[in-house]
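Please open the structure in your viewer and keep the sequence panel beside it, so that each stop of this tour can be selected in turn. Take your time at every stop, and turn the view before moving on.

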Amino acid sequence: MNEIVGYVTQYANMGIAYLQSTTVLIVTIALGVIVGIFGLKLSRVWAGLVGFVLGLGVGSGIVFAASLTGIKALGVLLGAAVVLAVLFCIFYKIGMFFYLIFITMGVVALVSGGTSLIITAAGAVAGIILGVLAVKWFDPIVIIVTAGNGAVQAGSSIVSLLALGSILPAKIGIPAVLFIVFMLIQFFMRSKQVGKQQVKQAKEHKAKTSRENEVERARNILDLDDLEDEYEDDESYEDDDSEYYDEEDGDFEYYDEEDDEYIEDELFDDDEYEEYEDDLEEDEDFTIL
């Protein structure tokens with residue numbers, strides 16, 4: 001009877017351990033997928049988490065230096081962690097600089113399968129280089145690093161869950177495929193976001209240009225109204241009706257204010273024209289051709 005109880009207990013413990021390990025692997029896969037797909041979008045979250053962890057480290061140093069214990073020590077730890085988490089969320093690019101260092105160190109250690117000083121130093125140097133490059137190319141660097149982190153995290157957990165650890169192509173292929181998929185998804189999401197921003201900026205520019213055109217048209221209308229008012233007030237612009245062309249007589253007539261009547265304006269007087277014609281006929285040197 002005792003042997004039966006012993007076997008049952010043994011298998012029960014093995015089942016609990018399997019379920020626990022399975023649950024941990026599933027949670028790890030889910031976190032890896034989230035990091036791989038939403039790495040760039042959740043930059044402030046990752047920066048805040050890094051700030052919280054660093055804050056705990058800073059708080060621990062303060063507690064150790066001041067020899068604090070109990071509630072005071074806990075308050076200093078939580079206070080430093082929260083303050084750095086908030087600051088890193090606000091200035092998230094600084095937080096992402098440290099995030100890139102830590103994540104690169106973790107990925108290098110996980111891929112190499114060791115945690116020696118050389119591997120840790122290599123990961124730190126690679127992380128610093130990526131952090132410096134992220135100053136100029138923030139989005140691409142963050143996308144590549146988070147996609148790689150998520151792929152390694154989820155891929156290794158999938159390999160362990162499916163018991164494929166002894167198959168080398170599976171150990172390399174699954175994380176590699178996930179890395180490509182995660183990276184493409186993030187770049188696609190980023191391109192859509194940039195497209196929406198460009199459309200929004202184009203609409204704002206169009207609305208601004210339209211408002212400027214309306215203001216310019218209104219200003220031109222006001223200037224035209226002012227010009228018409230000046231024209232109406234200025235007597236020099238009044239219509240001159242003192243002279244007109246008489247189509248019936250074929251000459252111009254002008255208005256005489258003294259006689260209060262229109263007088264014919266002839267270029268040649270008829271009598272003068274007849275006298276001039278007679279003089280030409282009497283002139284011997286003049287010959288009509």
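Begin by selecting Ser43, which you will find in helix H2 of this predicted model. Is Ser43 buried or exposed? With a relative accessible area of 4%, Ser43 falls under the 20% limit and therefore counts as buried. Show its surroundings, and, leaving out residues up to four places away in sequence, you will see that Ser43 touches Tyr92, Met96, Phe138 and Val142. Now add Lys93 to the selection: Ser43 and Lys93 are 50 residues apart in sequence, while their C-alpha atoms are 8.2 Å apart in space.

Two of the residues that you have just met, Met96 and Phe138, lead to the next stop. Which residues have the most contacts inside the largest nonpolar core? They are Met96, Tyr99, Leu100, Phe138 and Phe182, in a core that has 24 residues. To see where this core comes from, colour helix H1 (2-38), H2, helix H4 (92-112), helix H6 (138-161) and helix H7 (168-233), the elements that each give two or more residues to it. H6 gives the most to this core, with eight residues. In soluble globular proteins, nonpolar side chains tend to be buried together.

Stay in this region and select Tyr99, which touches Val35, Trp46, Val50, Thr146 and Asn149 when residues up to four places away in sequence are not counted. From there, move to Thr146, whose place is in helix H6. Thr146 has a relative accessible area of 0% and is therefore buried. Leaving aside neighbours within four places in sequence, Thr146 is in contact with Tyr99 and also with Val35, Gly36, Gly39, Leu40 and Gln186.

Next, select Asp139 and Arg190 together and display their side chains. How many salt bridges does a search of the whole structure find? The search finds one, and Asp139 forms it with Arg190, the closest N and O atoms being 2.7 Å apart. Because Asp139 lies in helix H6 and Arg190 in helix H7, the pair ties together parts that are 51 residues apart in sequence. Arg190 has a relative accessibility of 24% and so counts as partly exposed.

Now turn to the surface and select Phe52, Leu56, Leu74, Leu78, Val82, Val83, Val86, Leu87, Ile90, Phe91 and Ile94, which make a nonpolar patch of about 940 Å². Helix H2 (43-66) and helix H3 (70-90) are the elements that give two or more residues to this patch. H3 gives the most to the patch, with seven residues. One residue of the patch, Leu87, lies in helix H3, and Leu87 counts as partly exposed because its relative accessibility is 37%.

Two loops deserve a stop of their own. In the loop between H2 and H3, select Ser67, whose phi is near 55 degrees, a positive value in a residue other than glycine. With a relative accessibility of 60%, Ser67 counts as exposed. Then go to the loop between H6 and H7 and select Ala163, which has a positive phi of about 55 degrees although it is not a glycine. The relative accessible area of Ala163 is 61%, so this residue is exposed as well.

Step back and show the whole chain, which has eight helices and three strands and, read along the sequence, follows the pattern α-α-α-α-α-α-α-β-β-β-α. Of its 289 residues, 21% count as buried. The accessible surface comes to about 21000 Å², of which 64% belongs to carbon and sulfur atoms.

For the last stop, colour the chain by pLDDT. The mean pLDDT of the chain is 75, and 69% of the residues reach 70 or more. Which element has the lowest mean pLDDT, and which the highest? Strand E1 (residues 243-246) has the lowest, at 50, and H3 has the highest, at 90. Select residues 11-20, where pLDDT stays under 50 and the model has zero contacts beyond four places in sequence, and then residues 237-241, where pLDDT also stays under 50 and the model has three such contacts. Where pLDDT is low, the predicted coordinates should not be read in detail.

Definitions and conventions:
Residues are numbered from 1 along each chain as its sequence is written. This is a predicted model: local features need pLDDT of at least 70, side-chain atom pairs count only at pLDDT 80 or more; totals for chains, interfaces and linings use all residues. Side-chain values use heavy atoms; hydrogens and water are left out. Patches are made of residues with over 30% relative accessible area and no salt bridge: like charges are joined within 9 Å, nonpolar side chains (Val, Leu, Ile, Met, Phe, Trp, Tyr) within 5 Å. Accessible areas come from the Shrake-Rupley method with a 1.4 Å probe; for residues, only the protein chains shown count as cover. A salt bridge is a side-chain nitrogen of Lys or Arg within 4 Å of a carboxyl oxygen of Asp or Glu. Helices (H or I, at least four residues) and strands (E, at least two) are DSSP runs, numbered from the N terminus. Buried means under 20% relative accessible area, exposed over 50%, partly exposed in between (1.4 Å probe, protein chains only). A nonpolar core is a set of buried Ala, Val, Leu, Ile, Met, Phe, Trp, Tyr and Cys residues joined through side-chain atoms within 4.5 Å. Contact means heavy atoms within 4.5 Å. pLDDT is the predictor's confidence in each residue, from 0 to 100.
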